[in-house]
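This report describes selected features of a single protein chain. The sequence and the coordinates are shown first, and the description follows.

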Amino acid sequence: MTLPFATPLADTPSMYTTGSWLYPARRRFAVVRSRRRRTALITVSAMVAAGLAAIPVTQVQAQVETDWTARFLEQYENLKTSGYFSPEGIPYHAIETMIVEAPDHGHETTSEAFSFWLWLEASYGRVTGDWEPFNDAWETMETWIIPTQDIQPTNGNYNPGDPASYAPEFNNPNQYPSPLDFDVPVGQDPIANELAQAYGSPNVYGMHWLMDVDNVYGFGRCGDGVDAPAMINTYQRGPQESVFETIPHPSCERFNFGGPNGYLDLFIDDENGYARQWRYTNAPDADARAVQAAYWALTWATQQGNQGQISANVANAAKMGDWLRYSFFDKYFKQIGNCVGPNTCPAGSGKNSAHYLLSWYYAWGGGLDASWAFRIGSSHMHQGYQNPMAAWALAGNVPQLTPLSPSGASDWQTSLDRQLEFYQWLQSPQGGIAGGATNSWDGQYGQPPAGTPTFYGMFYDEDPVFHDPPSNQWFGFQVWSLQRVAEYLYVTGDSRAQDILDNWVPWAISNTIINPDGTFQVPSEMSWSGAPDTWNPSNPGNNSGLSVTVVERGEDVGVASGLARTLMWYAAATGDTAAHDMALDLIEGLYAQMGPAGVTTVETREDFDRLNDPVFVPPGFSGTMPNGDQIVQGATFDSIRSFYHDDPDWPQVEAYIEGTGPAPTFEIHRFWAQSDIALAFGDYAMLFGEEPTITPPTSEPPTSEPPTSEPPTSEPPTSEPPTTEPPTGDCTVDYNNINDWGAGFQGQVFITNNSNTTINGWELGWTFPSSAQITQLWNGEYNQSGPNVTVENAPWNGTINPNQTIEFGFLGAPGGGADPTAFTLNGNACSVG
């Protein structure tokens, strides 16, 4: 059923909508706006046409009783009936094909598209109770974009003590191929053995980021030239390599195409010779988004009593999250912090090579003819890839998503804390979040300029990884990332997340224009100056030397939907009126532009003159693409992709290139953006119901349980430390009744250790001044006798370090009572926050 409130929900290198590289104290109060609303209720016959005939008519009518639920289903049907999927059931990057973005053809796809698809089907399951599409999406992902055993065959020969051979990165494509240096020390991989033991296989369970769904290039599924879809790759040659300068190549290198060594010697100089091999690259934000989607699917299916229908794939999401920890490690498992000099930066051991952030990629591969394998992490971290929502779910807070490996949950808890610090460190005084950090300056453990600020010893990087265009220029990375923070705030009430969003939201609102006719201008591109302060966890700076300016706005429908979703989750968590109103304006503006295949605007591609950009081919290299296009010095983007000349949109592009016509224009239906639009419609219906109202604590109760995260029903694999008592008065308790609907209420409690002594094991006590009884509690274990309550720590949160705050939550009944005013921690009185 549709609820008036939600209960506690790689990317990939993605598309840049101007055509170049990107990689795309809580308060509640009533907000009531009177607006003229369009009627978009769909009929039962329309539901049948959408494939919902098996659902009882009365249930269908209940499910579409709100405008925004109907609009979600309308957009969902657009996605299922308008050419977004291949015959194999794989989502294309876009309906159109003449696209040059991170995918350089519209009928390629990315792990990002799969992750949005999973999220779309999770929302569909919430609305309809039908979870078969969610399972189908996961199984399609496993079949096609997670490499199967036959195309990652030699993982069993991987040596965690020698994970990979070092090759420096360079800033420009013409500095490649990069020589392998077998003398540079590399660290040890600390998670390979526990992952193989936990899941009974050494095969990596993660998505490869890029697939040629229609086999347009002709490489074939694993470089065989025949089977499709085909695993492919592009970017390999430094931060200045734009999409217009790439040479696509197969992920399985069988030497069937390219030159005598296939494509390997375009990128790597191996003095020992070249071997036939397979290799894949994971985009961590996509896998994290898949986990995030699985969390919401589990939450909503559990509300319906349908969790058993998706339990197997929820377990697969936990498995994916466990393997995703490879993104936590330096590329060559070197120690984190002040890592300067490939030979002098020490090789890591244990977890000292982990930065615990979602980095730009991890990669793995091995021999096709010989028994060897490699794995690498990434030294470069971008704010746009972080996902505290997924980290929280994987950190043991949701039993069904708790990783099986011994250290998985604790690593994700560390990652959650580190990610929130990362946002704090990168936040400008205006509110925008700056680029990121690197543990390997210039990709070769170089020496950064004097005065470069650091984050846990890693160097500030304004534009991590890619410079053409700058990787933190696109506003879409802001909304993708901050939407996850807003969800995390909604689910947990974490004050760290609220502080970040309290600064970011007004900045985003002030830079967004809603026109009188309902159209909008959302931020598109930003420019940055200065740098943040060096991070000090105990005394963060104010980043007075860092500044951001929005330099361009546009009508990007994906960015608009992402911004709307960020604002609405923030509004639902805090009661912020301005955020709610702008979110509603944006989704109404999007719906007003709905067409038969979704929502688009006209895009002008002046950058298509770069189709004549040369692609660097090293002297002495000569080869061909599968269709015979020549890979030689002087080759261009266009000359090695002559199949584009048969594209229906080619004539306007050709005229522009030849100077006889204007810049070409397109209406592009990108799958990720259209899915996000549907999700925005569905989120609004779920969070605010039919009327645009934020329910105050004194309003009528919802028809089901209030917003809450799924409380753990089992314990993650950690041990409980011995109990010690804090000094008297050296603790603070902040008790919050965050939602009260009369018949019940939701409580949230924060405990802060103000002393200089670590608390190992805690028991909090209080007395209700009313007849309230706790009915459910998470992140702890409770006992209640009459009005007297004691809550003991859970096995995973018994330690409270000096100046650290932990929290737990609960449901109680009845509501409407006064809050307790006195608390004891291990028998000693605490101050009340």
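## Strands β8, β9 and β10

Strand β8 (residues 277-282) runs antiparallel to β9, and the two are joined by 6 bridges. Within this pairing, T281 has A363 of β9 as its bridge partner. Strand β9 spans residues 362-367 and is mostly covered, with 6 of its 6 residues buried. The model is a predicted one.

Strand β9 also pairs with strand β10 (residues 373-376), again in the antiparallel sense, over 4 bridges. Here G366 is matched with A373 in β10. The connection from β9 to β10 is a hairpin of 5 residues.

## The chain as a whole

The secondary structure of the protein chain amounts to 16 helices and 34 strands. Of its 833 residues, 63% are buried. The accessible surface of the chain comes to about 26800 Å², and carbon and sulfur atoms account for 48% of that surface.

## Packing of helices α9 and α11

Two packed helices are described by the angle between their axes and the distance between the axes. For helix α9 (residues 388-397) and helix α11 (residues 476-492), the angle is about 45 degrees and the axes lie 7 Å apart. An angle of this kind is neither under 35 degrees nor within the range of 65 to 115 degrees, and α9 and α11 are therefore oblique to each other.

On the α9 side, the contact involves P388, M389 and W392. These residues meet R484, V485, E487, Y488, V491 and T492 of α11.

## Strands β12, β13 and β14, and the loop that follows

Strand β14 (residues 458-461) pairs with strand β12 (residues 436-438) in the antiparallel sense over 3 bridges. Strand β13 (residues 454-455) is joined to β14 by 2 bridges, and this pair likewise runs antiparallel. F459 of β14 takes part in both pairings: T438 stands opposite F459, and so does T454. The hairpin of β13 and β14 has 2 residues between the strands, and Y456 in this hairpin takes a positive phi near 50 degrees.

V465 is placed in the loop between β14 and α11. Because its relative accessibility is 15%, V465 counts as buried, the cut-off being under 20%. Apart from neighbours within four places in sequence, V465 is in contact with P239, W360 and H380. V465 and N171 are separated by 294 residues in sequence, while their C-alpha atoms are 9.6 Å apart in space.

## The sheet β15-β16-β17

Three strands form an open antiparallel sheet in the order β15-β16-β17. Its edge strands are β15 (513-514) and β17 (546-554), each of which pairs on one side only. Strand β16 (residues 520-530) is paired with β17 in the antiparallel sense over 8 bridges. Within that pairing, the bridge partner of P523 in β17 is R553.

## N543 in the loop between β16 and β17

Where does N543 lie, and is N543 buried or exposed? N543 is found in the loop between β16 and β17. With a relative accessible area of 4%, N543 is buried.

The side chain of N543 reaches the backbone nitrogen of D533 at 2.7 Å. Setting aside residues up to four places away in sequence, N543 touches Q424, W425, L426, Q427 and P429, together with P532 and D533.

Methods
Residues are numbered from 1 along each chain as its sequence is written. This is a predicted model: local features need pLDDT of at least 70, side-chain atom pairs count only at pLDDT 80 or more; totals for chains, interfaces and linings use all residues. Side-chain values use heavy atoms; hydrogens and water are left out. Two strands pair if DSSP finds at least two bridges between them. Buried means under 20% relative accessible area, exposed over 50%, partly exposed in between (1.4 Å probe, protein chains only). A polar contact is a pair of N or O atoms within 3.5 Å; within protein, one must be able to donate a hydrogen and the other to accept it, and residues adjacent in sequence count only if both atoms are side-chain atoms. Contact means heavy atoms within 4.5 Å. Accessible areas come from the Shrake-Rupley method with a 1.4 Å probe; for residues, only the protein chains shown count as cover. Axes are lines fitted to C-alpha atoms, for helices over the stretch in contact, and angles run from 0 to 180 degrees between N-to-C directions. Angles under 35 degrees count as roughly parallel, over 145 as roughly antiparallel, 65 to 115 as roughly perpendicular and the rest as oblique.
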